[in-house]
Amino acid sequence: MTDTTQHTARWEWLALAAAVFVVIALPVYYILEVRGQAATEAASAQAAEFVGSVNCRDCHQPEFDSWEGSHHDLAMDVANEETVLGDFDDTEFTSHGVTSRFYRKDGKFFVHTAGVGGEMTDFEITHTFGWFPLQQYLIPFPGGRLQTLPIAWDSRDNKWFRVPPNEAVDPDDWLYWTNAAQNWNGMCAQCPSTNLDKNYDPVSDTYNTTGSDIDGGCEACHGPGSLHVQWAEMPDIARPETENYRLVKRTSGITSQEQVELCAPCHSRRSSLADLHHTEEEFLDTFLPSLLNDGLYFADGQILDEVYVYGSFTQSKMYQRDVQCSDCHDVHSIELVFEDNELCLQCHREAEYDTIEHTFHKFAGEEGEPVLGDDGEVLFEVGTGALCRECHMPGRYYMGNDYRPDHGFRVPNPALSAAIGSPDPCLRCHVDQGTEWSQEKVNEWYGPGQSAHYGEVIARGRLGEPGAGEELRALVTDDLYPVLVRATALDLLGAYPGRETQQVIEIALVDEEAVIRRTAVSMLNYPDPAKLAKALSLALEDPVRTVRIEAANRLAGELSTYLSGTKLERFETVLQEYRESMLYSADFAFGRYNLGNLHNTQGELEDAIREYEAAINIDSEFFPAKANLALLYNSQ
């Protein structure tokens, strides 16, 4: 589950809720070509069925052996003597004044802890969730729910600990463990499972969640495998020539973007529009990735909250130069292909970069003593500063004990960090020093003057500083910058209205990157509603769902009255897509809030009230729903 403070988690979801979706004007011939190709691929994908990882083993034994025991394999399992790592020998753990007891009974695993309303209750643990460096536990609740216990097992140090938030949470709060924020079906299930259907019914408020594999199996990356298995079971001489061995998803001979987007559904901070069926060709057809928003990322793009890897890696020069996940990670075991600096020396010259002249730090094994803090604790070992990852991949702890490196592979820039308040990687180890010291050292070693960084522009844009609009517009229109940087700059231009900004938005409507088109559609505005409706109607034809459904959302209500004929028919079709996407997220406050907004714009006031109230019932502190509900009541 997501590591966060009580308020951060709620407002991150609010950030995803506030806008919801957008589109573009593309040449008709391009759209038809894309749709024709997609239709052919979709027909093949629909014909294939899931068979389970066990049916891959006989022909792919080495790959299966490598995958078995990996983080993907152990992502989730049925609780039993082999899978449970925690101490259930009548062990007690106290946190926030509550003493929980872990014990066994009749071969099953139980915990006595504070449950609904804070009442002490005995719960059976039915599933494990994760493996290392921590393991969480899932408990069944009425309505088909599985809830994540807030006490996890530290599998590195073999002890129980409280997963953040560290402060006590009121039992009525959305973040409390028996409520929606810690619900496995909606918050967690999509990633550690294969072919998962959430199956949430907003009328009965129940789940009927199903999947073909309980873990991240072979078909999570390769797609449903029945056609491939049929082909493989034929005698060699009878096997027909076939594309990709009748596998639905191509995983070799693909670009960095294609491979990253294959991993992105589980390794990105994003909102989901539908179930993940592992046949998708376009990432933004099913998911909307978070931009480099304040609270999620530092202004220079470094990771702040738990954003996983996609957002940082796509900012890197590695990504831009077609380095792929598999260049560093074995695709089946997920382990690194080399250790320490050997990993980086696959591409970077050892004689130039793996030297003290470059790192200015001693290597492990060289003369020197560990650096100790005032309390005698080892701050860092001699030699760690000579490891590429320590300076170029500074990490943060999530979930209490899970250290995750930033995958932006950025050049350390203490001056930039000091200017915009982002972490200075030097001071992670040199805790007895300050930013002036690290800037002096960098200037001494590498010379003064670092190139300008987009982080300075993003920081000024976040503050709404006068004059930042021009710099943000330059970021948006320069395709040498990472896509998420450009989309974030475009989003920040909302604070800098005017003709120049409007021109940038218009150009962004036909950008080749869907996330930029989607951001542009959400921001497009004209004083003339007929002109706005016409521009948005072009976006209804966008081949990517997140783009076109945002256009439909914007057109709902009065703007749709300017449409007629085939444009009106297309609007109604795409609006239904938008409605279905929000119904998929109806177990979240932002989903019900957006449905309420839709009903409100269409004059369906009783339905709007119902959805706003449902959002508030899910999260009593989801203030946008309260504000809109109050305004609606006031209008009556």
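Leaving aside residues up to four places away in sequence, L493 touches G469, L472, R473, V476, T501, V504 and M523 in this predicted model. L493 also belongs to the largest nonpolar core, which holds 72 residues, and together with L472, L490, L555 and F571 it is among the residues that touch the most other members. Another core lies apart from that one and comprises 36 residues, including I125, I151, A608 and L632. In soluble globular proteins, nonpolar side chains tend to be buried together.

A charged residue in a buried setting is found at R545, whose place is in helix α23, spanning residues 545-555. R545 is buried and yet forms no salt bridge, the nearest side chain of opposite charge being that of E577, 4.7 Å away; because a salt bridge is counted only within 4 Å, this pair does not qualify. When residues up to four places away in sequence are not counted, R545 touches L273, A274, L284, D285, T286, E577 and S581.

Strand β4, residues 108-114, is largely enclosed by the rest of the structure, because five of its seven residues are buried. Strand β3 (residues 98-105) runs antiparallel to β4 and is joined to it by five bridges, with Y103 standing opposite F110 of β4. The pairing of β4 with strand β5 (residues 120-125) is likewise antiparallel and extends over six bridges, and here T113 stands opposite T121 of β5. The hairpin of β3 and β4 has two residues between the strands, and D106 takes a positive phi in that hairpin, whereas the hairpin of β4 and β5 has five residues between the strands and G117 takes a positive phi there.

Backbone geometry also calls for comment in several loops. The peptide bond from F132 to P133 is cis, with omega near 5°, and P133 is placed in the loop between β6 (127-129) and β7 (134-141). Positive phi values are gathered in the table.

| Residue | Phi | Place |
|---|---|---|
| D106 | near 55° | hairpin of β3 and β4 |
| G117 | near 70° | hairpin of β4 and β5 |
| D205 | near 55° | loop between β11 (200-201) and β12 (206-207) |
| F409 | near 50° | loop between β18 (402-405) and α14 (414-420) |

D205 is a residue other than glycine with a positive phi, and at 36% relative accessibility it counts as partly exposed. F409, too, is a residue other than glycine with a positive phi, and its relative accessible area of 23% makes it partly exposed.

Conventions. Residues are numbered from 1 along each chain as its sequence is written. This is a predicted model: local features need pLDDT of at least 70, side-chain atom pairs count only at pLDDT 80 or more; totals for chains, interfaces and linings use all residues. Side-chain values use heavy atoms; hydrogens and water are left out. Helices (H or I, at least four residues) and strands (E, at least two) are DSSP runs, numbered from the N terminus. Buried means under 20% relative accessible area, exposed over 50%, partly exposed in between (1.4 Å probe, protein chains only). Lys and Arg count as positive and Asp and Glu as negative; His and the chain ends are not counted. Contact means heavy atoms within 4.5 Å. A nonpolar core is a set of buried Ala, Val, Leu, Ile, Met, Phe, Trp, Tyr and Cys residues joined through side-chain atoms within 4.5 Å. Two strands pair if DSSP finds at least two bridges between them.
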